2 protein chains.
Amino acid sequence: MAASSSITTAQSLVVRAISGHNSATLVHPDQISIPTGFGRNSLSGRGLRVSSRPLPAPSTPRLLNPPRAAAVETLEGKAGTTELVEKSINTIRFLAIDAVEKANSGHPGLPMGCAPMGHILYDEVMRYNPKNPYWFNRDRFVLSAGHGCMLQYALLHLAGYDSVQEEDLKQFRQWGSKTPGHPENFETPGVEVTTGPLGQGIANAVGLALAERHLAARFNKPDNEIVDHYTYVILGDGCQMEGISNEVCSLAGHWGLGKLIAFYDDNHISIDGDTEIAFTEDVNARFDALGWHTIWVKSGNTGYDDIRAAIKEAKAVKDKPTLIKVTTTIGYGSPNKANSYSAHGSALGAKEVDATRQNLGWPYEPFHVPEDVKSHWSRHVPEGASLEAEWNAKFSEYEKKYKEEAAELKAIISGELPAGWEKALPTYTPESNADATRNLSQQCLNALATVLPGFLGGSADLASSNMTLLKSFGDFQKATPEERNLRFGVREHGMGAICNGIALHSPGLIPYCATFFVFTDYMRAAIRISALSEAGVIYVMTHDSIGLGEDGPTHQPIEHLMSFRAMPNILMLRPADGNETAGAYKVAVLNKKRPSILALSRQKLLQLAGTSIEGVQKGGYVISDNSSDNKPDIILVGSGSELEIAVKAADELRKEGKAVRVVSLVSWELFDEQSDEYKESVFPAAVTARVSIEAGTTFGWEKFVGSKGKAIGINRFGASAPAGRIYKEFGLTPENVIAVAKSL
Amino acid sequence: MAASSSITTAQSLVVRAISGHNSATLVHPDQISIPTGFGRNSLSGRGLRVSSRPLPAPSTPRLLNPPRAAAVETLEGKAGTTELVEKSINTIRFLAIDAVEKANSGHPGLPMGCAPMGHILYDEVMRYNPKNPYWFNRDRFVLSAGHGCMLQYALLHLAGYDSVQEEDLKQFRQWGSKTPGHPENFETPGVEVTTGPLGQGIANAVGLALAERHLAARFNKPDNEIVDHYTYVILGDGCQMEGISNEVCSLAGHWGLGKLIAFYDDNHISIDGDTEIAFTEDVNARFDALGWHTIWVKSGNTGYDDIRAAIKEAKAVKDKPTLIKVTTTIGYGSPNKANSYSAHGSALGAKEVDATRQNLGWPYEPFHVPEDVKSHWSRHVPEGASLEAEWNAKFSEYEKKYKEEAAELKAIISGELPAGWEKALPTYTPESNADATRNLSQQCLNALATVLPGFLGGSADLASSNMTLLKSFGDFQKATPEERNLRFGVREHGMGAICNGIALHSPGLIPYCATFFVFTDYMRAAIRISALSEAGVIYVMTHDSIGLGEDGPTHQPIEHLMSFRAMPNILMLRPADGNETAGAYKVAVLNKKRPSILALSRQKLLQLAGTSIEGVQKGGYVISDNSSDNKPDIILVGSGSELEIAVKAADELRKEGKAVRVVSLVSWELFDEQSDEYKESVFPAAVTARVSIEAGTTFGWEKFVGSKGKAIGINRFGASAPAGRIYKEFGLTPENVIAVAKSL
């Protein structure tokens, strides 16, 4: 939907396409070859409601600025009179005030304080196409202080996005609306990522900027800079306090992401009152230390030119990201609540709204956008269409000259997987060497990197343990941004959230990231946002049990498998051997709107008979059975490294004449999605003698073993000792499985 | 055990007790009144194996330095010759090398590089009593870079701690040993906290330093500074990269914790290689920005005097914590592996061990401690006993003069709860006002703060939402450290780990901390360490479901209850009303070795008939029933805010003649611990018609509703809308419970 509406838009316009700096040629739209399959076709679905209503086409051809200079020129040329700017800023403030008031819920304070920078960004600086929120080369904007979402909704509304109409503003925070309580990319086209949990947004922004930097380095040519956009972010005191923001800003500085420009809304107020009570560090000095360029705009409420100058300065610094600390007043304009936490998180109240109208000289009804403001902003629809059309033309040129690169870039933009990609995945036989699934995972990662152009990722300083290095690529670094191995350092939380940004930059970017499985605890907030925001990140989580041995209980996951099985919209996969690891990757790549977590062993595992990629795709399946008529005496079910224990126990039991079925339960979520018939074929209701074995908590296994079966697992913390010893002490052995099976 | 051995020690020695600066009087041990019940009596148990073997008593009375000056004087006076220091440092290095080699597992690199600072700390600087690791006024040491634990084990061994004998070093990383793969306070007396997951240790250290600062401010008198110790910590590059360390160091700077001294082991190597690949920020400049005093010792391998001078300088700065960046070489002394990641995480190998012995001139057998080194370190046992005895004498003086304060401090040191404390908890009747459990929680918090001297805590910038302010106390701040409201800012992860440090400082300190329940995702790694390290932190988690309404899915927990029910050694409590909230707090306070999480509602809830504190203590109980003979037609089970929905549904069903039991399941863990008989009295096996209702995932409910019952819950992410609407849309209504019940 998004893609087709964008093409319609582009083709309906007559534009001048610019092939290089300072040169302009007139091109008829029919001459523009528009790549198909662009946009988010493959990702459309839940919540994606892009209107396809026809656009008013401008009546005459328009001369556009050359793209590289556009932003800066816009800054200088199209601002409008100060009076109009002020009026627009107040429009934003009152749309926020009115929506929060109507909902009697929300956060008016930030939009009132940040309206000036918001206005300047969306009206004067950013390049975007309101009628195609998924235009590839758009500037990205992230409101990391997501509670202030009415700022963004007001801006999207003024800019002409179909997703936020007046009616949507009036439905702020209501059931089914496109204007939920925090920005949600899956609900509101024009919102890039899902924010609200503090610090996530700035991390996503680092991911978006990284993606741009990487793609630009890979695809730009001296005569055609086809990838070229900025990433802007507004973050507040809360984001600054969160550890994740320091993690990712340290990385952004290290990587020198010059096209990342962050506005720090320095309003000195958080929910508990003045930030003096908990936050007295020198933020800009910290960012200097992190390798950023820093600026301080002291007059954020009214110093429009200072904000403009800061952005200009930030753009001039190409080798460092920039933090613009903008000192503002929360709830600016409210005579009694400005500069106080009472403006932060609740409606101002009718009386104070009136007083604020009085104070700012705002005579209009709620939700009113004055005509001159409307008219001023109306240029963004045609301008945005032109920007996209111009870029499309540029892409056509690119495609002619650089066929291969264009095809690759196209796949990244569209998310279309190359035909037959899955054939790259390795397969194994029971005769193949025993190996740790982390090693088998590395074979898959390297295989996929050769066939998927948007496949990239790395580890939180455990590449050599997680086995995640792509051997045919180098490190993504400041000097080598075209490479695909990301080095996150020991920053799990930031890593996950950066990957969310990468995944949501372009449908064909498939980021993976890795650490020890137990350290998902450090990044759980980011993983949850992967799941919520439909960012198909692949989490490569090795050392997935007590099998890691001597490092002991701080490093041994126990409750983690279950904790993710309980999380919505995520796939928790625990493959048992080579075929299942390949199957897990197949599933992970195919599930673009669901993140996947792969739990992988540190220790060697046998290649088992009966495992298969197809089996994994069903979540659970029978890998061996000597019963007939779907009536085994007993079902042994296991996952990952314990499946081979179940297999060994089954072998012994069968020798004693029992009819034993062994089920591999790789993914509970995928199994749940199978038909009742299929489920019955794996777990017949009549067979209640069931034993599960998994090196993790037994919590939750009741679902499969029922009240008459038994779950073998670990309901305590682990221990420091060689792995074999711990397995034995905890009863995770074929002998114990046999004993328990016999007791049923 | 710990306490009694310490008293024996103290009494066996003839000491000079010092009553003030620069004055010394001779005191016979019989004259020293030693408070009883000190130490960790109440916390002894799992893993706590303090030897009570008799001490060699020094033959003559010894003059001790006055305590305030001791550390500095020790620095200057007792170092021994440089040759001996070097020999001691090499002893530490080789104990680490040999233990890792024998285990063929572990991290030799850090101990080899940090041996100099480790030696200086434990031999020249720190005040501790090896025979009573729980002596209250000891200096605390935290190895935040926990993988280097052999450094600490070697130091504890040399210092004379009973927990780490030669045999224990030889059992490094083996099943049941006192020398596990990372430092674990519950296994090894002398280890203060549990580290390994990076960044946790520096956060714990901030908590330990906060506790000292707070207690010193509350209890010290101009003539008797009864609380007076330093907190030392060694952290590495990994810790520095983790966001949590920035969070807590920002707070430490804000609070001005002058007695916190952190050594940053700047060795430029992490697992993935040179830190240049991911960590190029200017760490000391960042700490300057965070309000720390910073020092750089460039010669960490050999510059012993530089290290000593840095510590002296750090102690002289009283209003800021100090970061001493110590540039070292990982694996120092190893000719082929030093300064490389290969020295980080695995045994050097026999050949390289030999080469290192050669290189450092170490002719000894594995695990050998040369006699002169042994003899040099042997003074720590008698000195430590003297330090404690001296402090005990000081406490006697204190007790005579400041009876009330002494009693309070004693309770904090011993962990003994005041008789009848639980009577302070409020009770309610069904006629009491409906209220949110977050508000009822505030009544409990305030009630407890008046009776529990060690009760303190706060929120991550949500005090006014979590309702966690203690009304009779002010804010703990740089100028008012005697107060008990902690202001953590938006730093959930740091908050949890700081509370772990507070809880493990003294058995009677009971820290609580608060945020929205969903943001446990940010602090899960710290919560897990609470559970593992037996730190009885109380987690006050409000806004515990979709009942928070408009903030939407980023703020609405779904899987969180289950994710904690699956975690070992933690209590997940979800009270339904006032009585249950009081019961949850009673349980939380009593469970000192298990953290508790209280999930509390934002929205008002009815006070229900049948709820009770006693019921909560059983985890699950019948709150109403019109059946007889333990044979209800149906069992409705709920928790927290949904219990009243079950009650309403039961009322209706009973009107229709059904025999309905309503069960409140406040804590699955506590219920699991009840007798089979009790469990059968609540959930009779014969009654399979069971319906659960909980505003969270249904994952895991199979355990109670069985294959024939039904679980009503939410198996998707939430939504932004008024709470009532979401409840209705998701079927969390009495009507739906009735319909489902009838369908069974």
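Me: Which strands of chain B does helix α23 lie across, and at about what angle does it run to β20(B)?

Reply: In this predicted model, helix α23 of chain B, residues 643-655, lies across β18, β19 (634-638), β20 (660-665) and β21 of chain B, and the helix runs at about 175° to β20(B). Angles are taken between N-to-C directions on a scale from 0 to 180 degrees.

Me: In what order do the strands of that open sheet come, and which are the edge strands?

Reply: The order in the sheet of 5 strands is β18-β20-β19-β21-β22 in chain B, and the pairing is mixed. β18 (620-625) and β22 (710-712) of chain B are the edge strands, each of them pairing on one side only. Averaged over the sheet and with direction ignored, neighbouring strands are turned by 20° against each other.

Me: How many bridges join β21(B) to β22(B), and in which sense do these strands pair?

Reply: Strand β21 of chain B, residues 690-693, pairs with β22(B) in the parallel sense over 3 bridges. To place the register, one can start from Val691(B), which stands opposite Lys710(B) in β22(B).

Me: Turning to chain A, how many residues of strand β14 are buried, and which way do they point?

Reply: Buried means under 20% relative accessible area. Of the 5 residues in β14 of chain A (538-542), 5 are buried. Ile538(A), Val540(A) and Thr542(A) point one way from the strand, while Tyr539(A) and Met541(A) point the other way, and all are buried.

Me: Which strands pair with β14(A), and over how many bridges?

Reply: β13(A) pairs with β14(A) in the parallel sense over 5 bridges, and β14(A) also pairs in the parallel sense with strand β16 of chain A, residues 596-599, over 4 bridges. Val540(A) can be followed in both pairings, since Ala514(A) stands opposite Val540(A), and Val540(A) in turn stands opposite Leu598(A) in β16(A). In addition, β13(A), α19(A) and β14(A) make a right-handed β-α-β unit.

Me: Which residues does UniProt list under "binding site"?

Reply: Such an annotation may be inferred rather than shown by experiment. The unreviewed UniProt entry lists His147(A), Gly196(A), Pro197(A), Leu198(A), Gly238(A), Asn267(A), His344(A) and Phe519(A). These positions are spread over 373 residues of sequence and also in space, with up to 34.1 Å between C-alpha atoms.

Me: Is His344(A) buried or exposed, and what does His344(A) touch?

Reply: His344(A), placed in the loop between β9 (322-327) and α12 (350-360) of chain A, counts as buried because its relative accessible area is 13%. Not counting residues up to four places away in sequence, His344(A) touches Gly106(A), His107(A), Pro108(A), Gly109(A), His147(A), Ile271(A) and Ile330(A).

Me: Where does Phe519(A) lie, and what is Phe519(A) in contact with?

Reply: Phe519(A) lies in the loop between β13 (510-516) and α19 (520-532) of chain A, and at 8% relative accessibility Phe519(A) is buried too. With neighbours within four places in sequence left aside, Phe519(A) is in contact with Glu492(A), Thr554(A) and His555(A), as well as with Pro197(B) of chain B.

Me: What turn and what shift along the axis lay chain B on chain A?

Reply: Two copies of a chain are related by a rotation about an axis and a shift along that axis. Here a turn of 180° and a shift of 0.0 Å along the axis lay chain B on chain A with an RMSD of 0.0 Å, which means that the relation is that of a two-fold axis. The C-alpha of chain B nearest the axis belongs to Gly243(B), at 1.8 Å. Both copies use the same surface, as 100% of the contact residues of chain B recur in chain A.

How values were computed: Residues are numbered from 1 along each chain as its sequence is written. Chains are lettered from A and ligands numbered from 1 in the order in which they are written. This is a predicted model: local features need pLDDT of at least 70, side-chain atom pairs count only at pLDDT 80 or more; totals for chains, interfaces and linings use all residues. Side-chain values use heavy atoms; hydrogens and water are left out. Two strands pair if DSSP finds at least two bridges between them. Helices (H or I, at least four residues) and strands (E, at least two) are DSSP runs, numbered from the N terminus. Contact means heavy atoms within 4.5 Å. Buried means under 20% relative accessible area, exposed over 50%, partly exposed in between (1.4 Å probe, protein chains only). Copies are superposed by least squares on the C-alpha atoms of residues with pLDDT of at least 70 in both. A crossover is right-handed if, with the strands pointing away from the viewer, the path from the first strand over the helix to the second runs clockwise.
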